[in-house]
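Hi,

Here is the structure I said I would pass on. Have a look at it first, and my notes on what turned up follow right below.

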Amino acid sequence: WRNTGGTMTAPMVFGMPYVTADYTGLRPFLLPGTFTFSSVNGMANPGSATGTRFELVLSDGSTWLLYSSSAITFDWNRGTMTARSGFTGTLRVASLRRPADATILDAHAGAIPRSGRIEAMVSCDVATLRFVYTSTGTGPMLLNALPHHVGRLAMPALVDLEYPTLTGLLRGVTGNTW
């Protein structure tokens, strides 16, 4: 997305547990959809919040974690969160289903998947497929896998992060190669 003041791009890689947006010179804002913000970082009264990690509780009781690649200040009310100024960096949002998931999401928020490719190898009557992902940022990368993926992984580096879907339970998998 382009505007006269800058751009916003969103990398889309299958299995991303975070919604990611890269900003260049734009003023980010978040809308909670049909719900409202109940609190930001434990503060129930609208105001401002500054940092690189924000805990957002919505009126439906759901909790979301918002990560920023550098410090940012948001002014918020029940219906929106708006950055005070133009921002250049990355914002990531993830659903926090259980309090224990925060440690996992915090540890992996810095590694952003950018693309992936499939490598196929055949030796005699054995075929091996590898999914190789590229990422930017820091730390170990985290993606989610469906049950049919997890069942085929040779040595999955699973973490205790799960999201229910119509086709089964997504499981957290770390590493750039499956």
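Arginine 53 counts as partly exposed, because its relative accessibility is 32%, between the 20% and 50% cut-offs. Bear in mind that this is a predicted model. The partner of arginine 53 in a salt bridge is aspartate 106, with 2.8 Å between the closest N and O atoms. That pair links distant parts of the chain: arginine 53 sits in strand 6 (residues 47-58) and aspartate 106 in helix 1 (residues 101-108), 53 residues apart. Aspartate 106 is also partly exposed, at 35% relative accessibility.

There are 8 salt bridges in the count. Another of them joins the side chains of aspartate 22 and arginine 114, at 2.5 Å from N to O. Aspartate 22 belongs to strand 3 (residues 19-26) and arginine 114 to strand 10 (residues 111-123), so this pair ties together parts that are 92 residues apart in sequence. Is aspartate 22 buried or exposed? It has 14% relative accessibility, so it counts as buried. Arginine 114, in contrast, has 28% and is partly exposed.

Then there is arginine 171 with glutamate 162, a salt bridge whose closest N and O atoms are 3.6 Å apart. Both ends are partly exposed: arginine 171 has a relative accessible area of 25%, and glutamate 162 comes out at 29%. Elsewhere, Arg98, Asp101 and Asp160 are joined into one network by salt bridges that share partners.

Helix 1 comes up again with histidine 108, which is placed in that helix. The side chain is worth a look if you are setting up protonation states. Histidine 108 is buried, with a relative accessible area of 7%. What lies 2.9 Å from a polar atom of its side chain? That is the backbone oxygen of proline 140. Leaving aside residues up to four places away in sequence, histidine 108 touches Tyr18, Arg92, Pro140, Met141, Leu142 and Thr174.

Now the pockets. The largest one has a volume of about 650 Å³. It is lined by 29 residues, and Val19, Tyr23, Phe29, Leu30 and Val93 are the closest to its centre. Which strands supply at least two residues each to this lining? They are strand 3, strand 4 (29-30), strand 6, strand 7 (63-76) and strand 9 (87-96). Strand 3 has the largest share, 5 residues. So two of the strands named above for their salt bridges turn up here as well: strand 3, which holds aspartate 22, and strand 6, which holds arginine 53. By class, the lining of the largest pocket divides into 25 nonpolar, 2 polar and 2 charged residues.

The second largest pocket holds about 380 Å³ of space. Of its 20 lining residues, Val13, Phe14, Gly15, Tyr133 and His149 lie nearest the centre. Strand 10, strand 11 (126-137) and strand 13 (158-165) each give at least two residues to this lining. Strand 10 gives the most, with 4 residues; arginine 114 is in that strand too. The lining of the second largest pocket has 13 nonpolar, 6 polar and 1 charged residues.

That is what I have for now.

Cheers

Terms used: Residues are numbered from 1 along each chain as its sequence is written. This is a predicted model: local features need pLDDT of at least 70, side-chain atom pairs count only at pLDDT 80 or more; totals for chains, interfaces and linings use all residues. Side-chain values use heavy atoms; hydrogens and water are left out. A salt bridge is a side-chain nitrogen of Lys or Arg within 4 Å of a carboxyl oxygen of Asp or Glu. Buried means under 20% relative accessible area, exposed over 50%, partly exposed in between (1.4 Å probe, protein chains only). A polar contact is a pair of N or O atoms within 3.5 Å; within protein, one must be able to donate a hydrogen and the other to accept it, and residues adjacent in sequence count only if both atoms are side-chain atoms. Contact means heavy atoms within 4.5 Å. On a 1 Å grid over the protein atoms alone, a cavity is a set of points where a 1.4 Å probe fits but cannot get out, and a pocket is an open set with protein on both sides within 12 Å along at least five of seven lines; lining residues have an atom within 4 Å of a point. Grid points are joined across faces, edges and corners, and a volume is the space filled by probe spheres set on the points. Ala, Val, Leu, Ile, Met, Phe, Trp, Tyr, Cys and Pro count as nonpolar, Asp, Glu, Lys and Arg as charged, and the others, Gly among them, as polar.
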